[in-house]
Amino acid sequence: MSNGPSAAHPERERESDASLGRGRAFRLLFGYARPHRKTFLLILLCAVGAISADLLQPYLVKVAIDNDILLGDKGTGWLIGICAAYLVSAVAAMLLAYGMANLIQRAGQAIVASLRKDLFEHITKLSMSFFDRYPIGSLVTHESSDTETINQFFTQVFLSLIRDGLTLVLILGFMFALDVELALYSLVLLPVIAAIAFAFRTLLRNSYHRTRTQLSRMIAYLAENLSGMSLIQAFHQEKEQKKRFTRHNEKYWMESLREIRNSVTFNRTFDLLGNVAVAFIVWIGGMAVLNKQLEFGVLYAFISYIRQFFQPINQLTQQWNTMQSTLVSLDRLWRIFSVKPEVADPSEDRAVRVDPERVAGKLTFAGVRFAYGDGPEVLRGIDLDIRPGEFVGIVGTTGAGKSSLVNLLPRFYDVKAGSLLIDDIDVRSLPLRDLHAIVGLVQQEPYLFSGSIIDNVRLFRREIPEEAVVEACRTVGAHPMIARLRDGYDTVLSERGSGLSAGERQLISFARILVFRPRILILDEATAHLDSHTERLIQRALETVSRGRTTLVIAHRLSTVRHADRIIVMRDGQIVEQGKHADLIKNGGYYAELCRHSGTGHATAPGADGRLRPTSPA
Ligand SMILES: Nc1ncnc2c1ncn2[C@@H]1O[C@H](COP(=O)(O)OP(=O)(O)OP(=O)(O)O)[C@@H](O)[C@H]1O
């Protein structure tokens, strides 16, 4: 009966293998950098200008020494001219370096901002099965620190490659232009420098990784403790947790110290090498000056260049760590970007367009089978027809498959076999936008965003007038509770609406339903203990909201569904009984047993607080 796509080969969510490699990760990065190529060209020009101006200074001093000071025949005017040129080059170097730093920051931040935006957009489109597998904490890290590492790539690694790389090349150019022989002597130490840089590179990388690992362990431990604080206090675990935190803290401290020690040793070794090189050039060059084979100014310029030669090598070596973490971050981001949503919009030729307002709300589950990922089947052949406007209660013990069943309707997951139809149209043929306008959801733990109550009801859609929101809240009975709050509808809720009780959050979700008017309503009843007043409010709100729409209620209290048109009883992924409350009780089957376990008699209807308690199957 299905007119939708076959469920036999659902599109699998694909995660790229690590084998995608760095090439593709870098291509991702350069794709983001491409729109800024003019800025990068400007950065390059600034770098060439700034470094040339910088390196011109020792040359100007050499000219002053050799052509004027030592000869003494050009007069003060000429010397002042050289000094003025020196100052101009210093100011030019400063301004160009300033421009370069600003441009690179601007390009880096812009790239990271668009990367972050795209990543967020991509994540919001991924299916629920992805979120089942992927820890939320990791996604937060990707969105915040991985993208920040990429910014560092531009503002540190890339900057260093351009600035320090060019500096090295230009210094060599100046040195060879001044005196080839002395320039060659200066390079004698190069293999030693390379060997030391190579040895330190491994040391620095290892200590960097150890520190990052310890830091993330400490943060993970901290996050876990903060979210479980009530449990820690209730079980007086403060001392034990403090001890464990101290261990993490000390390990991080030790690793940080070791990292700093390595880095300082590396820097000072380079300083020492620089001084050895200077001493060497003073010796070789000094001898040449004494033998009148070299001008004194050239020796001065060489000493200055040698001093400047070691700094860029040091900087470039230090960027190795950032480069490594950029590669790791890029790889992680690429893996997320390459995940394709398992649940996707139907292709153009398969899509069936409907007017969500005109949907009658008939539901058909035809041979539905479902499992999470490659796990065991949790729905094992569900056949069910629900009339438009019918009020259906779903009951069963914990893990029976109630939530899994209703989660198929908004396509949080797709069936593994069989089909699920709304007004005889397979849900997989409906564009997701239309489907989500048809199916409304009130979750067990309704999610409220940080923002005002009014925005939470109308979900930030400013075109929905305030009056409509107030009207909806009045209808579901949430208005008196909201009116009591200091800022009424403008009260800003904290994270996840933690200032409100579970029942109050559900009332706000009911108001959302009235505002958005879906034709089918799914309610996962709050299990948290509700006071009898809120419970009554919810019961009344449910009656109001379900009027005229097909309603599926996962009930944890029998009283909620006692008057349902039909009660569906689930066990081990199957429907074992269905019918009206009185009939089911009369049949004396599994439902009747559930009622008995929930503390209500067999013969009598469950009382107002008749809750379904988990019980082992009879
Ligand atoms: N995201 C998930 N990933 C893997 N398995 C899951 C997931 N959600 C539920 N399950 C498993 O599927 C089975 C059915 O769970 P489901 O949540 O549908 O039951 P339920 O009847 O709604 O239970 P409850 O009344 O406790 O909410 C259970 O065995 C559960 O462990």
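The exercises below, each with a worked solution, concern a predicted model.

**Exercise 1. Compare the expected span of helix H9 with the distance between its end C-alpha atoms.**

Solution. Step 1: helix H9 covers residues 238–290, which is 53 residues. Step 2: the expected span is 1.5 Å times one less than the number of residues, so H9 should span 78 Å. Step 3: the end C-alpha atoms of H9 are 76 Å apart, in agreement with that value. Step 4: the buried residues of H9 are Tyr252, Glu259, Phe266, Phe270, Gly274, Ala277, Ile281 and Gly285.

**Exercise 2. Repeat the comparison for helix H2 and locate its kink.**

Solution. Step 1: helix H2 has 33 residues (37–69), and at 1.5 Å a residue it should span 48 Å. Step 2: the end C-alpha atoms of H2 lie 46 Å apart, which agrees. Step 3: H2 has a kink of about 30 degrees at Gln57, shortly before the proline Pro58. Step 4: Pro58 is among the buried residues of H2, as are Asp54, Leu55 and Leu56.

**Exercise 3. Set the UniProt feature "transmembrane region" against the secondary structure of the model.**

Solution. Step 1: the unreviewed UniProt entry places this feature at residues 39–57, 77–98, 157–178, 184–204 and 270–290. Step 2: residues 77–98 are 100% helix and 0% strand, with end C-alpha atoms 31 Å apart. Step 3: residues 184–204 are 86% helix and 0% strand, and here the end C-alpha atoms are 30 Å apart.

**Exercise 4. Work out which strands stand at the edges of the open sheet of four strands.**

Solution. Step 1: the order of this sheet is S2-S1-S4-S5, with antiparallel pairing. Step 2: strand S2 (377–386) and strand S5 (425–426) each have a single partner strand and stand at the edges, so one side of each is left without a neighbour in the sheet. Step 3: the pairing of S2 with strand S1 (residues 363–371) is antiparallel and runs over seven bridges. Step 4: in this pair, Arg369 has Arg380 of S2 as its bridge partner.

**Exercise 5. Describe the pairing and the burial of strand S10.**

Solution. Step 1: strand S3 (residues 391–396) runs parallel to S10 and is joined to S10 by four bridges; the bridge partner of Phe391 in S10 is Thr551. Step 2: strand S9 (residues 520–524) also pairs with S10 in the parallel sense, over five bridges, and Ile520 has Thr550 of S10 as its bridge partner. Step 3: a residue is buried if 20 or more other C-beta atoms lie within 10 Å of its own. Step 4: five of the five residues of S10 (550–554) are buried. Step 5: one side of S10 holds Thr550, Leu552 and Ile554, the other holds Thr551 and Val553, and both faces are covered.

**Exercise 6. Characterise the shell around the ligand.**

Solution. Step 1: the shell is made of Asp132, Tyr372, Gly375, Val378, Gly396, Thr398, Gly399, Ala400, Gly401, Lys402, Ser403 and Ser404. Step 2: these residues divide into three nonpolar, seven polar and two charged. Step 3: helix H11 (residues 402–407) gives the most to the shell, with three residues.

**Exercise 7. Find the loops that hold Lys292 and Arg517, and classify the exposure of each residue.**

Solution. Step 1: Lys292 sits in the loop between H9 and helix H10 (296–337). Step 2: phi of Lys292 is near 60 degrees, a positive value in a residue other than glycine. Step 3: a residue is exposed if 12 or fewer other C-beta atoms lie within 10 Å of its own; Lys292 has 7 and is therefore exposed. Step 4: Arg517 belongs to the loop between helix H16 (502–516) and S9, and its phi, near 45 degrees, is likewise positive in a residue other than glycine. Step 5: Arg517 has 15 other C-beta atoms within 10 Å, so this residue is partly exposed.

**Exercise 8. State the exposure of Gln443 and Arg387, and give one C-alpha separation for each.**

Solution. Step 1: Gln443 lies in the loop between strand S6 (439–442) and strand S7 (451–452). Step 2: with 15 other C-beta atoms within 10 Å, Gln443 is partly exposed. Step 3: Gln443 and Ile554 are 111 residues apart along the chain, and their C-alpha atoms are separated by 9.8 Å. Step 4: Arg387 is in the loop between S2 and S3 and counts as partly exposed, with 14 C-beta neighbours inside 10 Å. Step 5: Arg387 and Arg332 are 55 residues apart along the chain, and 47 Å separates their C-alpha atoms.

Note on methods:
Residues are numbered from 1 along each chain as its sequence is written. This is a predicted model: local features need pLDDT of at least 70, side-chain atom pairs count only at pLDDT 80 or more; totals for chains, interfaces and linings use all residues. Helices (H or I, at least four residues) and strands (E, at least two) are DSSP runs, numbered from the N terminus. Two strands pair if DSSP finds at least two bridges between them. UniProt positions are given in the numbering used here, feature names are shortened, and annotations may be inferred rather than shown by experiment. The bend at a residue is the angle between axes fitted to the seven residues ending there and the seven starting there. A residue is near a molecule or strand if its C-beta atom, placed from the backbone, lies within 6 Å of it. Ala, Val, Leu, Ile, Met, Phe, Trp, Tyr, Cys and Pro count as nonpolar, Asp, Glu, Lys and Arg as charged, and the others, Gly among them, as polar.
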